[in-house]
Amino acid sequence: MADDRACFEGILWVLRSGACRKDLPDWCPSPSTCWRRLAEWKEAGLFVGM
């Protein structure tokens with residue numbers, strides 16, 4: 001299972017850099033894993049307005 005912190009840092013990297021999620025650096029989990037985790041967090045109410 002991918003590390004929550006690594007997923008969060010990957011999401012932040014995309015938001016800060018303006019890059020496409022498919023361009024995540026190698027140190028990040030896969031783009032689909034990061035965005036699936038973001039969807040889970042949003043559904044749980046941890047993120048509002050994203």
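**Nonpolar core and aromatic cluster**

In this predicted model, the largest nonpolar core is built from 8 residues: Cys7, Ile11, Val14, Leu24, Cys28, Cys34, Leu38 and Trp41. Two elements, helix 1 (4-17) and helix 2 (31-43), each give two or more residues to this core. Such an arrangement fits a familiar trend: in soluble globular proteins, nonpolar side chains tend to be buried together.

Leu24, one of the core residues, offers a helpful view of the surroundings. Leaving aside residues up to four places away in sequence, Leu24 touches Gly10, Trp13 and Val14, as well as Pro29, Ser30, Pro31 and Cys34. Of these contacts, Val14 and Cys34 are also listed among the members of the core.

Turning to the aromatic rings, the structure holds 3 aromatic pairs. In one of them, Phe8 and Trp41 meet edge-to-face, with 6.4 Å from centre to centre and 65 degrees between the planes. Because Phe8 lies in helix 1 and Trp41 in helix 2, this pair ties together parts that are 33 residues apart in sequence. The rings of Trp41 and Phe47 also pair; their centres are 6.1 Å apart and their planes stand at 35 degrees, so this pair is tilted.

The partners can also be described by their accessibility. Trp41 has a relative accessible area of 13%, and is therefore buried, since the cut-off is under 20%. Phe8, at 34% relative accessibility, counts as partly exposed, and Phe47, at 22%, also counts as partly exposed. Together, Phe8, Trp41 and Phe47 form one aromatic cluster, and Trp41 belongs to the nonpolar core as well.

Definitions and conventions. Residues numbered from 1 in each chain as written. Predicted model: local features only at pLDDT ≥ 70, side-chain atom pairs only at ≥ 80, totals over all residues. Heavy atoms only, no water. Core = buried A, V, L, I, M, F, W, Y, C linked by side-chain atoms within 4.5 Å. Buried < 20%, exposed > 50% of the residue type's maximum accessible area, 1.4 Å probe, protein only. Helix = DSSP H or I, 4+ residues; strand = E, 2+ residues; numbered from the N terminus. Contact = heavy atoms within 4.5 Å. Phe/Tyr/Trp six-rings, centres within 6.5 Å; stacked < 30°, edge-to-face > 60°.
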